[in-house]
Amino acid sequence: MSPSSDSLLIRALHRLGEACAARAYLPAGFVIIACVTVYAISGAMRDVALALMLMVLAVCATVMTPKHANSLSGFALVLLCLVSFGMHRRDPQLFQSEQEWLHIGIATGILLLLSGVTGHFKHLLARMAAQRNELAETVTRFQELATHDELTGLPNRTHMRELLGREAQRHKREGQILCLAMLDIDLFKRVNDSYGHPVGDRVLYKFAQHARAALRTTDVLSRWGGEEFCLLMPNTSLQAGMRVLERMRGQIAALDLSRIDRDLHITFSAGLAALSHGESMTEAIERADKALYQAKAAGRNTVRYFDADMEAAVTARILLESELNEALREQQFRVHYQPQVDVTGQMTGAEALVRWAHPTRGMIHPSEFIPVTEETGMIVPLGYWVLEAACKQLARWATRPETAHLNISVNVSARQFRHLDFLRRVLGMIDTHVINPRRLRLELTESMLIENIEDTIAKMSVLKSRGVSFSLDDFGTGYSSLAYLKRLPIDELKIDQSFVREVLTDANDAVIACSIVALARSLGLAVIAEGVESEGQRNFLMQNGCQHFQGFLFSEAMAAEQCESFLGRQGLHAVVTPTMAQVRTASF
Ligand code: C2E
Ligand code: MG
Ligand code: MG
């Protein structure tokens, strides 16, 4: 019998006792009076009356509370003694035999014993009931702790594994379809880092509550660990599972965190997998995990489901990540420099572009690996490595008169620019390599500047006061706000190659390119066009006021030594016309 059912029985007995005590108190009193009366008046029935009274009292002792049973027994004894004493006084012949007194003595003894024993017994039962209740509560609490997450109240990983195991068995037996999703709150580390762990905990709790609101009664959401959750959806197809997750996305979007911070919003990514026949739950979890990985790689706030093509993509991606880590350790990266020229074709500087000298695949271009390094955060050490290489190159070029005038532009990713140590590291490199900061130009993109504009301006101003200049890369492709542009301490706009490519064939691109040049002029900024591949493009841009160019027309990016030999061949593409001579005004 379980402790709870046991204590129920004891409680029921108590209730019965109390009810009996309340209801049977008077009838029992009357029966006792009746027995004593018979005892007094009928000599023949005396023993029967005494026995009947004892029986009534015994029943009362078992069903009534000790207090009531004792008072009834006391009442019966006092009555019996008074009647016996009265009878003896009236007729001393009546209680002559010792046997009579013995009967009364035994009756008294039995009554005292009965009330003592039942009272003790009941007290013991009550104590046992209380202890059992306490024990049951402790067991429930321990079970809760062992199977549930304390913060969110959701089933924990261990318990979820049990549930998943049971569902997998059912799936095997009954062939029911079922779906499984792994969920992860996007950029949760930032919440913890920016607001502290107590706020992080509150966000997790709220996430769990809102996510649960989107589920059906049969779905089970569990906390898998950290900011990761596992969702089990029995009897659910992939399509239906997708709908559940989309509903959940709606719930999370409506989550109001304005009491923490007006700008705080959270999203989640999820990977979905259906359990296939003959497959173990561990395999299904792995597939959901891979789909989650894809959802994150696709820019987060996304739901992805697992398919076979994805398997190959995910495996390749995991391999790429580990190879990139190794590349950083083994120094497999190289910096190439793409010349930047003025209207006469003279090289004024170069853009530092990273390359990966892969041990088996040869030279790999950044478009293949920079996005991955940005997602994993590896761009921060890689970016500093490129910056250091560029500073060393500037120091080397500064020692020779023919290269001393060259500038180097270095691409800085958003993540690196936001890095807490950014200013210290850049200034430290300038000092360590003793370079002229005016020869160093940092290329930033529009979108990364607008986020937290005040901080951006402050950082840029510190570097600018040391002489470092800034170029806005890929200009025209972001969401440029002219109001922001005016406030930012920028030196140069770089027309994105997508406009340059079609500048002779697409009227819209031509208008955009010319507008950027005009804008730069009106703001007093320099302007450079990247991706210039033909004389025609260069001439058109030049005629419209652009004074600096970069592109395959002049050279691809190359090793620093080759750059130096390029210097000897420069001027090859210069177009010297009266108009161009006028245009050639500003130097880099
Ligand atoms: P970006 O900064 O806009 O660099 C210009 C890209 O255009 C370079 O590609 C360059 O090789 C290419 N390019 C130059 N001239 C021409 C041309 O005439 N035609 C064509 N079709 N392309 C031309 P790359 O080297 O593959 O770099 C791609 C992007 O990778 C860069 O775009 C930059 O955003 C990023 N990147 C490269 N190196 C670094 C780095 O050290 N740090 C960071 N954060 N990003 C980097
Ligand atoms: Mg660039
Ligand atoms: Mg660019």
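This is a short chat about two magnesium ions in a predicted model.

Me: Which protein donors hold the magnesium ion (ligand 2)?
Reply: The protein donors of that magnesium ion (ligand 2) are Glu 351 (OE), Asn 411 (OD1), Glu 443 (OE) and Asp 473 (OD), and they lie 2.0 to 2.3 Å from it.

Me: And how are those donor residues spaced in sequence?
Reply: For the magnesium ion (ligand 2) the spacing reads E-x59-N-x31-E-x29-D. Within that set, Asn 411 sits in strand 9 (residues 407-411) and Asp 473 in strand 11 (residues 469-475), so this pair, 62 residues apart, links distant parts of the chain.

Me: Is Asp 473 buried or exposed?
Reply: Asp 473 counts as buried, because its relative accessibility is 8%, and buried means under 20%. Asn 411, at 29% relative accessibility, counts as partly exposed.

Me: Switching to the other ion, which residue coordinates both magnesium ions?
Reply: Asp 473 bridges the magnesium ion (ligand 2) and the magnesium ion (ligand 3), and these two ions lie 4.0 Å apart.

Me: What are the protein donors of the magnesium ion (ligand 3)?
Reply: They are Asp 473 (OD), Asp 474 (OD) and Glu 530 (OE), with Glu 530 (OE) listed twice, and they lie 2.0 to 2.6 Å from the magnesium ion (ligand 3). Along the chain these donors follow the spacing D-D-x55-E. Asp 474 belongs to strand 11 and Glu 530 to strand 13 (residues 526-530), so this pair ties together parts that are 56 residues apart in sequence.

Me: Are Asp 474 and Glu 530 buried or exposed?
Reply: Asp 474 is partly exposed, with a relative accessible area of 26%, whereas Glu 530 is buried, with a relative accessible area of 6%.

Conventions. Residues numbered from 1 in each chain as written. Chains lettered and ligands numbered in written order. Predicted model: local features only at pLDDT ≥ 70, side-chain atom pairs only at ≥ 80, totals over all residues. Heavy atoms only, no water. Donors = N, O, S within 2.8 Å, 3.2 Å for Na, K, Ca; no water. Helix = DSSP H or I, 4+ residues; strand = E, 2+ residues; numbered from the N terminus. Buried < 20%, exposed > 50% of the residue type's maximum accessible area, 1.4 Å probe, protein only.
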